[in-house]
Structure formats: structure tokens, C-alpha cells
Amino acid sequence: MGIPHDGSGPAGITLRGGVAGDVPGIIDLIRRENHRPANPDRIRRRLAQMPSVIAASESGIVAFIYCRRFSPDLVELSNMVVDSSLRRRGLGGRMVDRLEPQLQAAGFRGAVFVNCRLHVGTSDQRAAAARAFWLRRGYQIVFATHGSAVFSKAFGPAAPEGDARGTAA
Ligand SMILES: CC(C)(COP(=O)(O)OP(=O)(O)OC[C@H]1O[C@@H](n2cnc3c(N)ncnc32)[C@H](O)[C@@H]1OP(=O)(O)O)[C@@H](O)C(=O)NCCC(=O)NCCS
């Protein structure tokens, strides 16, 4: 059962776009919550190239979501973590609500990602929580195996001509 919330998220937390200086804080959160190492160069690249959302409190980064280009008009949501002490208070939802219009404005027509319960550091319970979260946000499972679920969501009409992200994959 979640802590009742009004959808505005926990107090004292600000949302902003990610920058290179956030990489150590993101890696720290991944180590703490996912119990696995992360590749700093890959994260730095993704923050530099694509919209992202960082949630920060006085104590540092408490949540993040970042992306990578999947095709010229599709984005992959690469990784998202909310500190376990702050979950079920609307923070993750606010972050996705902030990110999606930025992705749409950048020319992306939809998003895809995979949730896999077989990754080191995950569990069936955790995968079920994530799947419930994304279904609630309008994402659909388009393909599933015993361990993985591929999600997608269409963002709607194309952004004005010229906004689509450039070159072929
Ligand atoms: C998935 C995750 C990002 C959700 O963040 P969050 O801040 O807890 O999400 P919210 O509080 O905004 O949840 C919004 C809604 O999603 C659904 N939801 C979220 N967590 C849920 C859970 N554990 N069980 C069932 N539904 C859940 C609910 O409908 C919830 O609304 P409600 O609290 O009013 O019922 C967070 O649980 C997390 O970091 N998990 C570990 C990392 C991970 O799995 N990342 C995603 C990989 S695909």
C-alpha cells in the first residue's frame, strides 16, 4: 500500500534536466538501489544528447530518468530509479510527465523500453512495481517473454517540420 499523496511528490525536491556533473550521483543511486555497477561514459553521453530529468534534494540526487535515441523518431527510456524511501509518492510520475513533452518537442513520436526481471539486482516484486507504474502512465506491453516485457507508448502528432532528430540509425 502506498503512502497517500496529492500527486505533487515529496517536499524539498526539485526537478531539472541532467548535466555531466550529475553522473557520480546517478551512479551512486544505481549502486544503492540496483546493486550493480553502471557505465559513467554511457550515462554522460545520454545526459548530453537527450532530454533527462533529475530529482535532487539537499542530500543529492534522489531520482533520475535518462534516454537514448532508438531510431530517428523513437526514444528508448534507458534507465529510471527513484530512491526507495521516496517511492509511491508521485515523484516518478511527475518526472515522466515532465520528460515526455520534451521528447515530443524534440521530434520523437513515441517511446520504447524493456523491463526485465532477470537483471542482477532486481526481483519479481520490483519488476511488478515497475510494470504497474508504466501501465498506469499509458504504456503498453507489446512483447513479453518469461523474463522481459517490452513497453511502448505513442506520443501523438509529430512535432513541427525540422524538429525531428537528424540522421539515419
Ligand atoms: C518504478 C518507479 C520508478 C516508480 O516511481 P514512484 O515514484 O514510486 O512512482 P509514483 O509514486 O509516481 O507511482 C505512480 C503510480 O504508479 C503505480 N505504482 C507505482 N509503484 C507501484 C507498486 N509498487 N505497486 C503497484 N503500483 C505501483 C501506482 O498506480 C502509482 O499511483 P498510486 O501510488 O496513486 O497508486 C520506482 O518504483 C523505482 O525506482 N523502482 C526501481 C527501479 C525500476 O524498476 N525502474 C524502472 C525500470 S523499467
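## Ligand shell

Helices, as counted here, are DSSP runs of H or I with at least four residues, and they are numbered from the N terminus. In this predicted model, helix 4 is the element that gives the most to the shell around the ligand, contributing six residues. The shell as a whole holds 18 residues, and those that come nearest to the ligand are R87, G92, G93, A129 and A132. Two or more residues of the shell are given by each of strand 4 (74-82), helix 3 (91-105) and helix 4 (124-136).

Sorted by class, the residues around the ligand divide into eight that are nonpolar, five that are polar and five that are charged.

## Overall fold

The protein chain is made up of four helices and seven strands, and along the sequence these elements follow one another as β-α-α-β-β-β-α-β-α-β-β. The chain has 169 residues, of which 28% count as buried. When contacts are restricted to residues at least 6 apart in sequence, 66% of them join residues that are at least 24 apart.

## The sheet

In what order do the seven strands stand in the open sheet? The order is 1-2-3-4-5-7-6, and the pairing within this open sheet is mixed. Strand 1 (14-16) and strand 6 (140-144) are the edge strands, each of them pairing on one side only. Averaged over the sheet and with direction ignored, neighbouring strands are turned by 25° against each other. As a general point, the strands of a sheet pair through backbone hydrogen bonds, in either a parallel or an antiparallel arrangement.

At one edge, strand 1 pairs with strand 2 (residues 53-57) in the antiparallel sense, with three bridges between them. Within this pairing, R16 has I54 of strand 2 as its bridge partner, while T14 stands opposite A56, also in strand 2. Strand 2 in turn runs antiparallel to strand 3, to which five bridges join it, and in strand 3 the residue that stands opposite V53 is I65. The connection from strand 2 to strand 3 is a hairpin that passes through two residues.

## Helix 2 and its cover

Helix 2 (residues 40-49) has three buried residues, namely I43, R46 and L47. These residues lie on the same side of helix 2, because the arc that they cover around the axis is only 100°. An α-helix in general has 3.6 residues a turn, so residues three or four places apart point the same way. On the other side of helix 2, D41 and A48 are exposed.

Which elements cover the buried residues of helix 2? The cover includes helix 1 (23-34), strand 3 (60-71) and strand 4. As for the sheet, strand 1 and strand 2 pair in the antiparallel sense, and helix 2 packs on this sheet by touching strand 3 and strand 4, its direction making about 75° with that of strand 3.

## Backbone and long-range details

Most residues other than glycine have a negative phi, and two residues of this model merit a check against that background. H35, which is not a glycine, has a positive phi of about 55°; this residue is found in the loop between helix 1 and helix 2. The cut-off for an exposed residue is 12 or fewer other C-beta atoms within 10 Å, and H35 counts as exposed because it has 11 C-beta neighbours inside that distance of 10 Å. R88 likewise has a positive phi, of about 60°, although it is not a glycine, and R88 lies in the loop between strand 4 and helix 3. With 14 C-beta neighbours inside 10 Å, R88 counts as partly exposed.

A further residue to examine is D97, whose place is in helix 3. Is D97 exposed, partly exposed or buried? D97 is partly exposed, because 14 other C-beta atoms lie within 10 Å. How far apart in space are D97 and R137? The two residues are 40 residues apart in sequence, and their C-alpha to C-alpha separation in space is 8.7 Å.

Definitions and conventions: Residues numbered from 1 in each chain as written. Predicted model: local features only at pLDDT ≥ 70, side-chain atom pairs only at ≥ 80, totals over all residues. Buried ≥ 20, exposed ≤ 12 C-beta atoms within 10 Å, placed from the backbone. Contact = placed C-beta atoms within 7 Å. Near = placed C-beta within 6 Å. Nonpolar A, V, L, I, M, F, W, Y, C, P; charged D, E, K, R; others polar. Arc of directions from axis to C-beta. Pairing = 2+ DSSP bridges. Axes fitted to C-alpha atoms, helices over the stretch in contact; angles between N-to-C directions.
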